[in-house]
Amino acid sequence: NRRSCINSLLNNTIRGTRNHRDRTVHEHIHQSQRPSHIWNIDFNNLGLKYPIKTSTPLLDIVEIGWTKPPQNLPELPFIVERSNNNALPVYTAYKGGRTKIVTILRKCSGDIDELKKEMEKVVGRDVTIRPGKLTVDGNYHLRLKVWLSGLGF
């Protein structure tokens with residue numbers, strides 16, 4: 001009988017109902033289950049030093065996750081090279097037992113500080129420079145892919 005009482009308390013706590021002290025228990029969405037941040041923002045209102053020049057089909061980026069590589073790279077102080085399969089090198093990593101999502105931009109070269117400043121405007125958060133990559137807390141995978149393909153990478 002005591003075991004069934006404990007099990008019902010645990011089940012009620014997990015489901016988000018009231019517990020034995022009549023306090024409301026709120027359900028928390030696990031970080032790995034949260035959707036990505038809004039990707040279809042107006043990049044023209046962000047005050048970017050290097051505005052988006054090309055319009056890429058958003059369906060390709062959002063649905064397929066891939067866009068056709070450009071014939072010529074844009075003339076910017078930074079360069080983002082594509083991976084071996086011609087995809088943009090934007091990745092999502094789960095840290096801390098899948099409780100924290102980090103978006104990673106790899107294969108970047110040139111003026112990394114300028115790329116960091118522009119990337120901070122796009123995501124609205126602090127970007128950290130790591131050896132060979134830039135990282136930002138949160139799931140900005142699609143937003144960065146739309147931005148980079150719009151720049152011509």
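This short talk walks through one sheet and two helices. Keep in mind that the model is predicted.

Start with the sheet. Four strands form an open sheet, and their pairing is antiparallel. What is the order of the strands? Reading across, the order is β2-β3-β6-β5. The edge strands are β2, residues 90-95, and β5, residues 127-130. Each of these two pairs on one side only. Now the twist. On average, neighbouring strands of this sheet are turned by 30° against each other, direction ignored.

Look at one pair of strands. β5 and β6 run antiparallel, and β6 covers residues 133-137. How many bridges join β5 to β6? Four bridges do. Find Arg130 in the model. The bridge partner of Arg130 is Lys133, in β6.

Next, the helices on the sheet. Helix α3 lies across β3, β5 and β6. α3 runs at about 150° to β5. Helix α4 lies across β2 and β3. α4 runs at about 160° to β2.

Finally, the two helices together. α3 is residues 112-123, and α4 is residues 141-151. Their axes come within 10 Å and cross at roughly 125°. Because of that angle, α3 is oblique to α4. The crossing of α3 and α4 is right-handed.

Which residues meet there? From α3, they are Leu115, Glu118, Met119, Val122 and Val123. From α4, they are Arg143, Leu144 and Trp147. By class, this contact of α3 with α4 has six nonpolar residues, two charged residues and no polar ones.

Conventions: Residues numbered from 1 in each chain as written. Predicted model: local features only at pLDDT ≥ 70, side-chain atom pairs only at ≥ 80, totals over all residues. Heavy atoms only, no water. Axes fitted to C-alpha atoms, helices over the stretch in contact; angles between N-to-C directions. Parallel < 35°, antiparallel > 145°, perpendicular 65-115°, else oblique. Left-handed = near helix turned anticlockwise from the far one by under 90°. Contact = heavy atoms within 4.5 Å. Nonpolar A, V, L, I, M, F, W, Y, C, P; charged D, E, K, R; others polar. Pairing = 2+ DSSP bridges.
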